[in-house]
Amino acid sequence: MTAKFGGRTPVRLYFLDNSSKMFLVESTMTSLDVIKMVLHKIDVKDVENSCRYFGLYESTDGVSVGGCIELDARVSDVVQKWKEENNSKLVFMIRLFFPSISGFQHKDVVAHRLGAPKLSLTQKSYIEAAEVMDSQLLHLQYNQAVYNIITGQYPTTPDQAIEFGVYHFLYKFGSFDETRHVVGFLSNRIVEFLPYVHLRKSDLVEWETKLLEAVQASPKGFDPQRRYVETVMLRLASSYGTVSFRATQVQFSGFPGSVLLSVHRQGINIVEKGKNRSILKSFHIRDCKSWGYKPNALFSIEAKMESDAEFHTTFEFTTHEGDRICHLLTDYAMAFVKEAELEQTRCEELGISTDGINLEGLSIAAPNISPPLVPSLSTPKAKMKTKPTKAASAASHRAATKIQALWRGFNLRWQWLMEDAAIIIQMVVRGFLARCLVSDMLEELYANGELELMDDYM
């Protein structure tokens, strides 16, 4: 097959709107290379800063979506492992949820345009005032939001389900047409508009009737795609961007033994199973000192029980997906550093003060790798002759924050470098040992008369 395409492998990528595109992939191309190729193909504007927030997910049965393949994994190697008769496929999805790939203007830019401090803008005010800067990113957000709602990953009430169904219907078919949009128009396709968890408990005709009545009564003059994404971000904020993993626990006596661990850009939640998925406990990433896992057995996290707690406590959960949880948390931590740097660059270009910029992100990124904290630069009160002014205190706080940010960023990058170096050393040593083993085997075969050398090699 590859010979027909000049050594390249044809790979069909699937999207969450049931569309697909065929790409010719070089044998050396990694998952990240293919992601960049996809984003360029669909005309995403800032590919370099967006690409690491997406992923290629492997579906081995062609129905359920599994884990994300590593960004440095060769796509051709993954595809060639599949048997020709199976239904395996690769699905293109959002991997890390950050506002920078929402398609909307950045919050700091909106605040500058409105002449208001960024921290004074509520999420609702920001979303409503933000302009769409990249329609393709917004469309990818829309597709993923629809997928997460109809599959039940984002729990909804029946009324919310109808509301989202209305927006999706209007996006698909336009304004209500009483001559065409009658009961039976959707039929079994109603599963594309409403969550299956609601549909399975009652008659499909009843749900289609409710949906069409709501579509007919809906106001006009708004963009249903944008409204869908906005509503998910605002009304389903506790679910938006979360990825949930099954686990069991015994440390929290008041919690059920079987729970979900939901990872998101601000940390990890312990969530009750069931259609409501209420949050039992949240660990903000800034309160997490470290995390780890035992393959196919355990996930552990060292975190503060409460934000104002003095000590960290280790919590353990039994799960087969500890590696995925750890990698996702680590990738979010890395992305926070990048997001802070990009925001600082934008503010400098706009002439906005960078004092206190994105402090949440900077303070969040560091604890994942347990860096030493920078000592406070302020003088002890007992040695102070005069009380510092508010301006001096603020300047001291900004300086300390800046130093901490620089140190944490350096320490994080240093640990990445050490990890890469360890991988290279391991690769060289393993290669050397393997060659020694093969050489010994060949010598033994030759000594036993089981291997003969051709004349050319004599």
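This tour proceeds through the side-chain contacts of a predicted model, from aromatic rings to charged pairs and finally to cysteines.

**Aromatic pairs**

Begin with the rings, for which the count is 19 aromatic pairs. Select Phe97 and Tyr240: their rings meet edge-to-face, with 5.4 Å from centre to centre and 75° between the planes. Colouring by secondary structure helps to place this contact. Phe97 belongs to the loop between strand E4 (89-94) and helix H4 (107-114), whereas Tyr240 belongs to the loop between helix H10 (224-235) and strand E5 (243-248); the two are 143 residues apart, and the pair links distant parts of the chain. With a relative accessibility of 6%, Phe97 counts as buried.

Next, select Phe98 together with Phe336. This pair is also edge-to-face, with centres 5.3 Å apart and an angle of 80° between the planes. Phe98 is in the loop between E4 and H4 and Phe336 is in helix H11 (residues 322-350), so the contact ties together parts 238 residues apart in sequence. Are these two rings buried or exposed? Phe98 is buried because its relative accessibility is 3%, under the 20% limit. Phe336 is likewise buried, at 5%.

Keep Phe98 and Phe336 selected and add Tyr53 and Tyr332. These four residues form one aromatic cluster.

**Charges over rings**

Turn now to rings with a charged side chain over the face. Select Tyr14 and Lys89: Lys89 lies over the face of Tyr14, 4.2 Å from the ring centre. Then select Phe222 and Arg227, where Arg227 lies over the face of Phe222, again at 4.2 Å from the ring centre.

**Salt bridges**

Side chains of opposite charge can pair when their charged atoms come close. The structure holds 11 salt bridges, and three of them are visited here.

Select Lys118 and Glu343, whose closest N and O atoms are 2.7 Å apart. Lys118 is in the loop between H4 and helix H5 (123-129) and Glu343 is in helix H11, so this salt bridge links distant parts of the chain, 225 residues apart. How exposed is each partner? Lys118 is partly exposed, at 27% relative accessibility, while Glu343 is buried, at 5%.

Move to Arg235 and Glu163, a salt bridge with 3.0 Å between the closest N and O atoms. Here the contact runs between two helices: Arg235 is in helix H10 and Glu163 in helix H7 (residues 158-173), 72 residues apart. Arg235 has a relative accessible area of 46% and is therefore partly exposed.

The third stop is Lys281 with Glu306, where the closest N and O atoms are 3.4 Å apart. Lys281 sits in strand E8 (residues 279-284), and Glu306 in the loop between strand E10 (298-303) and strand E11 (313-318), so the pair ties together parts 25 residues apart in sequence. Lys281 is buried, with a relative accessible area of 11%, whereas Glu306 is partly exposed, at 44%.

**Cysteines**

Finally, select Cys326 and Cys347. How many disulfides does a search of the whole structure find? The search returns 0 disulfides. Cys326 is buried, with a relative accessible area of 5%, and Cys347 also counts as buried, at 4%.

Notes. Residues numbered from 1 in each chain as written. Predicted model: local features only at pLDDT ≥ 70, side-chain atom pairs only at ≥ 80, totals over all residues. Heavy atoms only, no water. Disulfide = S-S within 2.5 Å. Buried < 20%, exposed > 50% of the residue type's maximum accessible area, 1.4 Å probe, protein only. Phe/Tyr/Trp six-rings, centres within 6.5 Å; stacked < 30°, edge-to-face > 60°. Helix = DSSP H or I, 4+ residues; strand = E, 2+ residues; numbered from the N terminus. Lys NZ or Arg CZ within 6 Å of the ring centre and 35° of its normal. Salt bridge = Lys/Arg side-chain N within 4 Å of Asp/Glu carboxyl O.
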